[in-house]
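Visitor: Pick one spot in this chain and take me in for a close look, please. Once we're there, walk me outward through the rest at your own pace.

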Amino acid sequence: MSVSQLPLERLDKVENYGHSRHTVAYVYRPNQVAQIEEVFALARRAGLSVALRGAGRSYGDAATNSGQVVLDLQRMNRILDWNPATGVIKVEPGVTIAQIWQHVLEDGYWPPVTSGTMFPTIGGALAHNIHGKNNTKAGTLGEHVLEFTALLPNGEQVTCTPTENSELFYALISTAGLLGVFTSVTLKLKKLHTGLVDVHAWAMTHLGEMMRDLDERKHEFDYIVGWVDTLDHNGRGQIHGANYVHDAPNAAETLRLDKQVLPDTFFGLVPKSTLWMFMTPFMNNVGTRLINTAKYVFSATLEQRKIYRQSLVEFNYLLDYVPNWEKSYGRSGLIQYQTFIPLATATDAYLEMLRLAQRRGMPPFLGVTKRHRPDRFLFTHAVDGYSFAMDFKVTNAARLQKLCGEMSDIALEAGGRFYFAKDSTLTPDRARRYLGEATLSKFQALKAQCDPENLLQSDLYRRLFVG
């Protein structure tokens, strides 16, 4: 079979989450393991590679595969087992974070680690080993996996735990779907007593002060995160720290699903499904400066040192408040640029990056910083330090690529690392510096073992690891 013999009806448009990359691929959507094996065989006969894709929430090119095959795993979305006595759940890789919390919350459980959106699949989340606002307390999602099964391109089906097939356990989690396909995942969830958190908010006048507080107060809160005014020279902003509420009136009622729903309207008037259209005129340097200034003034006056109560969904899923918010960045989309830098060098490096972007006339429109801890996974992005995620509107792709390259050099000089779920700008030499020769050698050995025909590829893989 050749490429020309693949069915044309399988050709489909495949984008990243930021709509900055548009490709076409042969898309297959299996609902059982045998169908994954069939797609692997089909791709071999056609001389094509296969990229794994979950909900398509990567900002970069980790789940696109231009002109090749994309294996969309969203139909493998069954919850296979749930034990409310132990908090252990077993799911297929296409199950989303939303499906999990909606299935377990009324039994008093919550995902131990969650991203800022509830819609990624568990397979995709583990392929990149996601972190949340509670990284210093809970670590990454992979640290809560008790067991997974996976299908390797070499035809082997493996079961991995932290102690059984441990090398594969710590490699398949984090390597962006380049070694094998998760077919089931068993997780230990977080026990809760209510569906609420108490949120503490306070303003900071300088990024250095914010990072100091994120470090010094990290043990006070179950979650802690900083918003940065990325158009301010000093990176002023606001911190939100949140703690689980362990005792509340009508505690069981707060765990009901109808108490964890994001509102459909803004101020009870504007349908949120249309709100991104109203945001579009403000997605420029002037408009974002106005919004950021208003947000900071509000946080520094009315909300300063404020404590308020929110549902778990309201606090954790800010990115889901406005459906399709990413469309407000326009036809060329956005990229998110995120680095992880050690404690000692982070403040100076992040201020240098921020001011460089401002001087170039391309400031990010959103900035978020968190405190992190290291982990054992092969392509780990984590450090004993901080992350800083910045959203950039794509107006001039070449200039933005140059800026991101300069910022990456600053990060590398400071001992920084990167996150493939977000990356779209790293070059092979910078990726090699970030990962190190020992990690790359181990990955290449595992790739030869698990995928000797180099079947699993993606646009990210070819950008960084081929040639």
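**A close look at Tyr170**

Guide: Let's start with Tyr170, which counts as buried because its relative accessibility is 14%, under the 20% cut-off. Keep in mind that this is a predicted model. Tyr170 sits in helix α5, residues 166-172. Its neighbours are worth listing: leaving out residues up to four places away in sequence, Tyr170 touches Pro162, Arg376, Phe377 and Leu378. The link to Arg376 is a polar one, side chain to side chain, at 3.2 Å. As for Phe377, 207 residues separate it from Tyr170 along the chain, yet the two C-alpha atoms are 4.7 Å apart.

From here, let's go on to a strand. β10 covers residues 181-188, and 7 of its 8 residues are buried, so the rest of the structure largely encloses it. What does β10 pair with? One partner is β6 (residues 88-91), which runs antiparallel to β10 over 4 bridges; in that pairing, Lys90 stands opposite Thr186. Another partner is β8 (residues 145-151), also antiparallel, joined to β10 by 6 bridges. There, Phe148 has Val185 of β10 as its bridge partner. When you look along these strands, remember that side chains in a regular strand alternate between the two faces of the sheet.

Now for a second well-covered strand, β20 (385-393). Of its 9 residues, 8 are buried. β20 pairs with β18 (residues 334-342) in the antiparallel sense, over 9 bridges, and Phe340 faces Ser387 across that pairing. β19 (366-371) is antiparallel to β20 as well, with 6 bridges, and here Val368 stands opposite Ala389.

β19 and β20 also meet a helix: both are among the elements that the buried residues of α6 pack against. The others are β12 (196-204), β13 (223-228), β14 (237-244) and α11 (346-359). Which residues of α6 are buried? In this helix, residues 207-216, they are Leu207, Met210, Met211, Asp213, Leu214 and Asp215. If you're tracing the spacing by eye, the usual rule helps: an α-helix has 3.6 residues a turn, so residues three or four places apart point the same way.

Next, follow Thr114, which belongs to the loop between β7 (109-110) and α3 (122-127). Is Thr114 buried or exposed? Buried, because its relative accessible area is 5%, under the 20% limit. Setting aside residues up to four places away in sequence, its contacts are Ile97, Ile130, His131, Gly132, Asn316 and Tyr317. With Tyr317 there is a polar contact between the two side chains, at 2.8 Å.

Another loop to visit is the one between α3 and α4 (135-138), home to Asn129. Asn129 has a positive phi, about 50 degrees, despite not being a glycine. Asn129 is also buried, with a relative accessibility of 1%.

There's another non-glycine with a positive phi: Asn324, at about 60 degrees. Asn324 lies in the loop between α10 (312-316) and β18. Partly exposed is the right label for Asn324, because its relative accessible area is 35%.

Asn324 is also one of the residues touched by Trp276, together with Val322, Pro323, Trp325, Lys327 and Ser328, again not counting residues up to four places away in sequence. Trp276 itself is in helix α8, residues 275-279. From Trp276 to Val322 is 46 residues in sequence, while C-alpha to C-alpha the distance is 6.9 Å.

Last stop: some empty space. Rolling a probe the size of a water molecule over the atoms shows where such space is left. The second largest pocket has a volume of about 310 Å³, and 24 residues line it. Tyr17, Ala55, Gly56, Arg57 and Glu326 are the lining residues that lie nearest its centre. Two elements give two or more residues to the lining, namely β1 (11-15) and β4 (69-72). β1 contributes the most, with 4 residues. What classes make up the lining of this pocket? Nonpolar residues number 10, charged residues number 10, and polar residues number 4.

How values were computed
Residues are numbered from 1 along each chain as its sequence is written. This is a predicted model: local features need pLDDT of at least 70, side-chain atom pairs count only at pLDDT 80 or more; totals for chains, interfaces and linings use all residues. Side-chain values use heavy atoms; hydrogens and water are left out. Buried means under 20% relative accessible area, exposed over 50%, partly exposed in between (1.4 Å probe, protein chains only). A polar contact is a pair of N or O atoms within 3.5 Å; within protein, one must be able to donate a hydrogen and the other to accept it, and residues adjacent in sequence count only if both atoms are side-chain atoms. Contact means heavy atoms within 4.5 Å. On a 1 Å grid over the protein atoms alone, a cavity is a set of points where a 1.4 Å probe fits but cannot get out, and a pocket is an open set with protein on both sides within 12 Å along at least five of seven lines; lining residues have an atom within 4 Å of a point. Grid points are joined across faces, edges and corners, and a volume is the space filled by probe spheres set on the points. Ala, Val, Leu, Ile, Met, Phe, Trp, Tyr, Cys and Pro count as nonpolar, Asp, Glu, Lys and Arg as charged, and the others, Gly among them, as polar. Two strands pair if DSSP finds at least two bridges between them.
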